[in-house]
Every structure is written in C-alpha cells, then in structure tokens.
Amino acid sequence: MKLLKDILYGVSLSAVSGDTNVLVNHIHFDSRAVGMDDVFVAVRGTLTDGHKYIQKAVDSGAKAIICEELPEILVNGVTYLKVPDCNSALAIVVSNFYGNPSKNLKLVGVTGTNGKTTVTTLLYNLFKKAGYKVGLISTIKVMVDEMEFPTSHTTPDVLTINNYLSKMNEVGVEFCFMEVSSHGIHQKRSEGLHFAGAIFTNLSHDHLDYHKTFAEYRDTKKKLFDGLPKTAFALVNIDDKNGLVMLQNTKAKKYTYALKTYADYRAQILERQFNGQLLKMDENELWSKLIGDFNAYNLLAIYATADLLGLEKMEILRLMSELENVDGRFQYYISKDKITAIVDYAHTPDALKNVLVTINALRTGNENVITVVGCGGDRDKSKRPVMGHIASEMSNQAIFTSDNPRTESPGVIIEEMEAGVEPQNAKKVLSIENRKQAIKTACKLALANDIILVAGKGHETYQETNGVRVDFDDFKEVKEALESLNK
C-alpha cells in the first residue's frame, strides 16, 4: 500500500475534500476493478464517462476519487480530489505508485505513421544481440527481457505500461523501446514517463477519423518531443517535411537522419535484390536482409539510436547485418512454382505505395504484381479511395476485399475503395468480400515468377466482424493456398 499524498506528487489539484494522509491499495480507471482502499480515477473515455461510475466505485470500497467534477454528495471517509485533467492525473499518479520505473532504465519512444513496430522491434533485437537486458512495448507484443506478453493496443494504458516497466526494473532491464501512437499521446498514456530519447519516422494520411485534421494529427505527435527533458535526444527523419516541426519546441538534443538530404546520419542504397539490399552508412557498407527505401530509413533510425545510446559504430553495423524482418512486415514466401507471396501490414496509403514501389523496383519487367488489399471498418474513411487508387494504379491486378470490417458492411467499404479507381484501371480490379477467397483467387491467377502482395493485416492473426474475432493469418492463408496449387 502507498500513502495517497505520495502518489499525488506532481498532480495539479483544483480542490481537495478529505484526508490525503491515508494508505491506498491500488489505482483503477475501470470502476468494475475497484476494491477496498483503491483509488478510482474518473477518466472521460471515447465511449463513456468515468464520472458516471464514481458512486459505484465508492460502493466497491474506493478510498479516494480523482475527478474533474466533484459529485453532489461527498461520502464521509472518502477523499475527493478535483483535477483539471483526469488523463494527465492518472498518468502521474500511476507512475508515482510504481516508483517511476521509467527513470530506472533508458526508455526510447518511437512515433510516426509507419515504421514504429519495425524500429522498436529491431532495436530490441539488436540490443539483445549486444548482450543487454532489454524491454519492448509494441503493437505486436511486450517483452520484459526474455518474457513475452500479448498486447492489444499500440500504446497500452498507463497502468499496463508502468506495470511492465516495473517488471523490467525487477529483472534489471537497461533499455526499453516503446511505440508511441497519436492516440496514446492524445489520451496522455505516455505522460508521466521519463524518456531518454524519441524517434520520429514519418507522417502520412492516417487516423483522421480520430484527429479530424492532419494538422491536429501532426501536432499530437509533436507533443512527445515537446515534453522531452534536456538530457534526452530527439531523432527525426528530415526527408519528411514534418521532421523539423517535431524539433521546434523540444528541449532535447536534436539529431536528424535522411537518405536524400544533409543530416547528422545519412545512408545511400547501393544495390537492391529480393533477398536484401546493400547500404552505405556512415562511410561503411552494410548488407541487410530488409529491403526497400522504407526499410533503409528504419535501419538508419536504428543505427543512429544505437549510436546515441553509446554502442560502438562497427559493432552496431555488424549486429544490424544479422537482423531479420519483423513478422508481417515484408514477410515473404516463394512457392515451388516460383511465385513470390509478400505479406505486409501496409494499411495506410503511404505504406501501401512504399511496398509497391519496392516490389516494382525489384521486378525484371515480365512478372505480374497481384495486390490483395482492404480497408478496416470504423476507421478513417477518407483513405479508402486513395488506397483503391494506389493498388489499381501500381499493380497488374488488384483484388479488393475485407480487412477487419468491424461494425461496417464489407461491401460498402469496398465500394468506397472502388471510387478511387480511375477508368483505365477498372478492368484490373476484382472485388471479393471473403478475404480467404480473395487470397485463393490471387494465387490461382499467379503464374511462375509473379508476385502476390497481401496488404493491410500483416502480423494480425484474426479477422474482426461485429465484435467477433475469428482466427485468420494472411501469411498462413497465402502459403497454404500456394502449396495446395503445387499439389
């Protein structure tokens, strides 16, 4: 148990009713989890308002309530704390409750539209190979050194983050690499954390269902850098025009990386093959199994970060040459018939374009590119016609299909993708709602040396429709379909 007044350190309080010199057991923002002597934080969420459940929390034994509006009836023996922002207060009290675990290791946050999972995961792998105890908080999984935990959000809630960081402290983790999403920043999930550094990868069309405007989306990302301390580093991709925006108000030490312009860390692609690419990085050559310009940027960010964290440069390059692709990121399989299937998480226009540019750069000219792609339901609708345009313009054949339709009609989503197809490309498009059937059709259409891209879901092993998730793995499906054709 902790003293309430101790975990309130740093919280802006508008009003206090009751005693803060009391012991509390735990902190919750879900009233259903509240038990005796707990603290309940009445967070206003996207679906419900925690203030509606204050009395329920009190009835369940809450010792203290943190809220933005005090209830009309104040119960004796319960401490009520009024704050300007419950999300911010939650982040601070949770960090205090766990003993500010982010200060006991070097935490590096990675934000941007694309590349967050690849950069964090490969940094984790590189530092593990270098012999360190390392943590990872990513879209795919959470790693506490060798222990693996599943995750459901790019940036987990603050209770989950600090719980994992505390576990990392217990086992002696020295470095932790964490994806920081725009949702997470906006909802203050990264507030109260002490970052040793932050990386900006790029910014493109995404999440405008949540942020409404691109400027709001960009400025939300920027808050991660605005909050960095002077002791931290801020590393940004300045080939993206938003890179310098991220640095405008940061107190951190500023560093840049680029392929096209002058920067602190630069790289050049010397050779491209399907099994890898040769890069010139810091006047040294590096052969990497990761291909494409987008991965060259990712590798450059990894190299710069490892250098800024104190690893020796030649050792970094040696370890980078051993790095493998992350699951669902340009993950490929070549069938006996010499058909190449690529599965990639590309679920934004920019990511889809980058993958198709990479594929087309590797073609000898005779192969067909068949792209299977969909758009998620209950998400940014404005990108659907753009995705449809890119897939049909840059492929010999495009198959539009379902991709986690959630509560929307898959047919309607596909129609919105079709709206972006230009007349001259219409004959290249098939629409097949059933994703399994769409993948099978792509495999049947493919001839020797053709390339199939299955885009959008990547590492995900489910398909979500009307709140129900069923097992579905793109890589497994395309591999089985090609193997059955071989038979």
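Me: Angles between helix axes under 35 degrees count as roughly parallel, over 145 as roughly antiparallel, 65 to 115 as roughly perpendicular, and the rest as oblique. In this predicted model, why are α15 and α16 called oblique to each other?

Reply: The axes of helix α15 (residues 435–445) and helix α16 (residues 474–486) cross at roughly 45 degrees and come within 9 Å. An angle of that value is not under 35 degrees, not over 145, and not from 65 to 115. The two helices are therefore oblique to each other.

Me: What is the hand of the crossing of α15 and α16, and which residues make the contact?

Reply: The crossing is right-handed. From α15 the contact draws on Arg 435, Lys 436, Ile 439, Lys 440, Cys 443 and Lys 444, and from α16 on Asp 474, Glu 477, Val 478, Ala 481, Leu 482 and Leu 485. By class, 6 of these residues are nonpolar, none is polar and 6 are charged.

Me: What makes α13 oblique to α14?

Reply: Helix α13 (residues 384–394) and helix α14 (residues 410–418) pack at about 60 degrees, with 6 Å between their axes. Roughly perpendicular begins at 65 degrees and roughly parallel requires a value under 35. The angle of about 60 degrees meets neither condition, and α13 is therefore oblique to α14. The crossing of α13 and α14 is right-handed. Arg 384, Pro 385 and Gly 388 of α13 meet Ile 413, Glu 416 and Met 417 of α14.

Me: Why does the contact of α13 with α14 include 1 polar residue?

Reply: The contact divides into 3 nonpolar, 1 polar and 2 charged residues. Gly counts as polar in this scheme, and Gly 388 of α13 is among the contact residues. Arg and Glu count as charged, which places Arg 384 and Glu 416 in that class.

Me: What describes the packing of α10 and α11?

Reply: Two packed helices are described by the angle between their axes and the distance between the axes. For helix α10 (residues 293–308) and helix α11 (residues 313–320), the axes cross at roughly 145 degrees and come within 10 Å. The crossing of α10 and α11 is right-handed. Leu 299, Ile 302, Tyr 303, Ala 306 and Asp 307 of α10 contact Lys 313, Ile 316, Leu 317 and Met 320 of α11. This contact has 7 nonpolar, no polar and 2 charged residues.

Me: How do you know whether Phe 225 is buried or exposed?

Reply: Buried means under 20% relative accessible area. Phe 225 has 0% relative accessibility and therefore counts as buried. Phe 225 is placed in helix α8 (residues 214–226). Beyond residues up to four places away in sequence, Phe 225 touches Thr 111, Ala 198, Ile 199, Phe 200, Ala 234, Leu 235, Val 236, Met 246 and Thr 250. Of these, Phe 200 is 25 residues away in sequence, with 9.0 Å between the C-alpha atoms.

Me: Why is Asn 100 called partly exposed?

Reply: Asn 100 has a relative accessible area of 22%. Buried requires a value under 20% and exposed a value over 50%, so a residue in between is partly exposed. Asn 100 lies in the loop between α3 (86–97) and β8 (106–111). Leaving aside neighbours within four places in sequence, Asn 100 contacts Ser 95 and Gly 192.

Me: How do you know that Arg 189 is part of an annotated site, and is Arg 189 buried or exposed?

Reply: An unreviewed UniProt entry gives the annotation "binding site" for Ser 31, Thr 154, Thr 155, Ser 181, Gln 187 and Arg 189; such annotations may be inferred rather than shown by experiment. Arg 189 sits in the loop between α6 (182–186) and β13 (197–200). With a relative accessible area of 13%, under the 20% limit, Arg 189 is buried.

Me: What is the phi value of Phe 330, and why does Phe 330 count as buried?

Reply: Phi of Phe 330 is near 50 degrees, a positive value in a residue other than glycine. Phe 330 is in the loop between α11 and β19 (331–334). Its relative accessibility of 1% is under 20%, and Phe 330 therefore counts as buried.

Me: Where does Arg 406 lie, and why is Arg 406 called buried?

Reply: Arg 406 lies in the loop between β22 (397–400) and α14. Its relative accessible area of 13% is under 20%, so Arg 406 is buried. Phi of Arg 406 is near 55 degrees, again positive in a residue other than glycine.

Terms used. Residues are numbered from 1 along each chain as its sequence is written. This is a predicted model: local features need pLDDT of at least 70, side-chain atom pairs count only at pLDDT 80 or more; totals for chains, interfaces and linings use all residues. Side-chain values use heavy atoms; hydrogens and water are left out. Axes are lines fitted to C-alpha atoms, for helices over the stretch in contact, and angles run from 0 to 180 degrees between N-to-C directions. Helices (H or I, at least four residues) and strands (E, at least two) are DSSP runs, numbered from the N terminus. A crossing is left-handed if the near helix is turned anticlockwise from the far one by less than a right angle, and right-handed if clockwise. Contact means heavy atoms within 4.5 Å. Buried means under 20% relative accessible area, exposed over 50%, partly exposed in between (1.4 Å probe, protein chains only).
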